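Dear colleague,

I am passing on the structure we spoke about, and below it I have set out what I found when I went through it. Please read the notes with the coordinates open beside them.

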Amino acid sequence: MSNEVQLACFKVGDETFAVDIMLIREIILCRKVTRIPKAPDFIEGVINQRGKAVPVIDMRKRLGLETKEHSRDARIIVMKFQDQRRVGIIVDSVVKVLKMEEGEMQSAPKIAKGIESEYLKGIVRDGDDLLLVLDMEKILTTNEKVRLEIFSSDNVKEV
């Protein structure tokens, strides 16, 4: 007996990526992001999400893709990591939800053009297309997670 997995599919640049839908807390329209001085380039800043400060990563920058102004289709996908921290990722658009059997994912290739393979969990087939499944726990290094800790909602005081 195999388990069904649902993947949220989204576009970043010309590529379609996917993440396990169970990691997603919500998908929201892009909004004003408060910049963080001296943060890594790919960290856009933080947003206020229901009274909580949520750091936001620009996936175009993180994946080393050409940056451009966000379109009306851009979204922030708010995810919860294993350490219970919430982080938002800015994507160009959310495409669909793909249902598949757990065993259908193939291992990530050792080299992926334009993308550091360490971020990849695997590849799945969607018709004639191949989707790259991201390992969101590896999008941030341990050092980057520590640096973002000071901007978590527990550390931001209301004024």
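In this predicted model, the largest nonpolar core has 27 residues, and those that touch the most other members are Phe 10, Val 19, Ile 57, Met 59, Ile 89, Leu 134 and Met 136. At least two residues of this core come from each of strand 1 (4-12), strand 2 (15-20), strand 4, strand 6 (75-80), strand 7 (86-91), strand 10 (120-126) and strand 11 (129-134). Taking Met 136 as an example, and leaving aside residues up to four places away in sequence, its contacts are Val 19, Leu 23, Met 79, Phe 81 and Ile 89. There is also a second core, separate from this one, which consists of nine residues, among them Val 5, Leu 7, Cys 9 and Leu 98.

As for the secondary structure, the chain contains eleven strands and two helices, and their succession along the sequence is β-β-β-β-β-α-β-β-β-β-β-β-α. Five of the strands make up an open sheet with mixed pairing, in which the order is 3-6-7-5-4. Strand 3 (24-29) and strand 4 (43-49) are the edges of this sheet, each of them pairing on one side only, and the average turn between neighbouring strands, with direction ignored, is 30°. Strand 4 runs antiparallel to strand 5 (residues 52-58), to which six bridges join it, and within this part of the sheet Gly 45 lies opposite Val 56 of strand 5.

You may also wish to look at the cysteines, since the structure holds zero disulfides. Cys 9, already mentioned as a member of the second core, has a relative accessibility of 1% and therefore counts as buried, the limit for that class being under 20%. Cys 30, by contrast, counts as partly exposed because its relative accessibility is 31%, a value that falls in the class between 20% and 50%.

Finally, some totals for the chain as a whole. Of its 159 residues, 44% are buried, and the accessible surface amounts to about 9,700 Å², with 48% of that area belonging to carbon and sulfur atoms. Among the contacts with a separation of 6 or more, 53% are between residues 24 or more positions apart.

With best wishes

Conventions. Residues numbered from 1 in each chain as written. Predicted model: local features only at pLDDT ≥ 70, side-chain atom pairs only at ≥ 80, totals over all residues. Heavy atoms only, no water. Disulfide = S-S within 2.5 Å. Buried < 20%, exposed > 50% of the residue type's maximum accessible area, 1.4 Å probe, protein only. Pairing = 2+ DSSP bridges. Helix = DSSP H or I, 4+ residues; strand = E, 2+ residues; numbered from the N terminus. Axes fitted to C-alpha atoms, helices over the stretch in contact; angles between N-to-C directions. Core = buried A, V, L, I, M, F, W, Y, C linked by side-chain atoms within 4.5 Å. Contact = heavy atoms within 4.5 Å. Areas by Shrake-Rupley, 256 points an atom, 1.4 Å probe, with all protein chains shown as cover.
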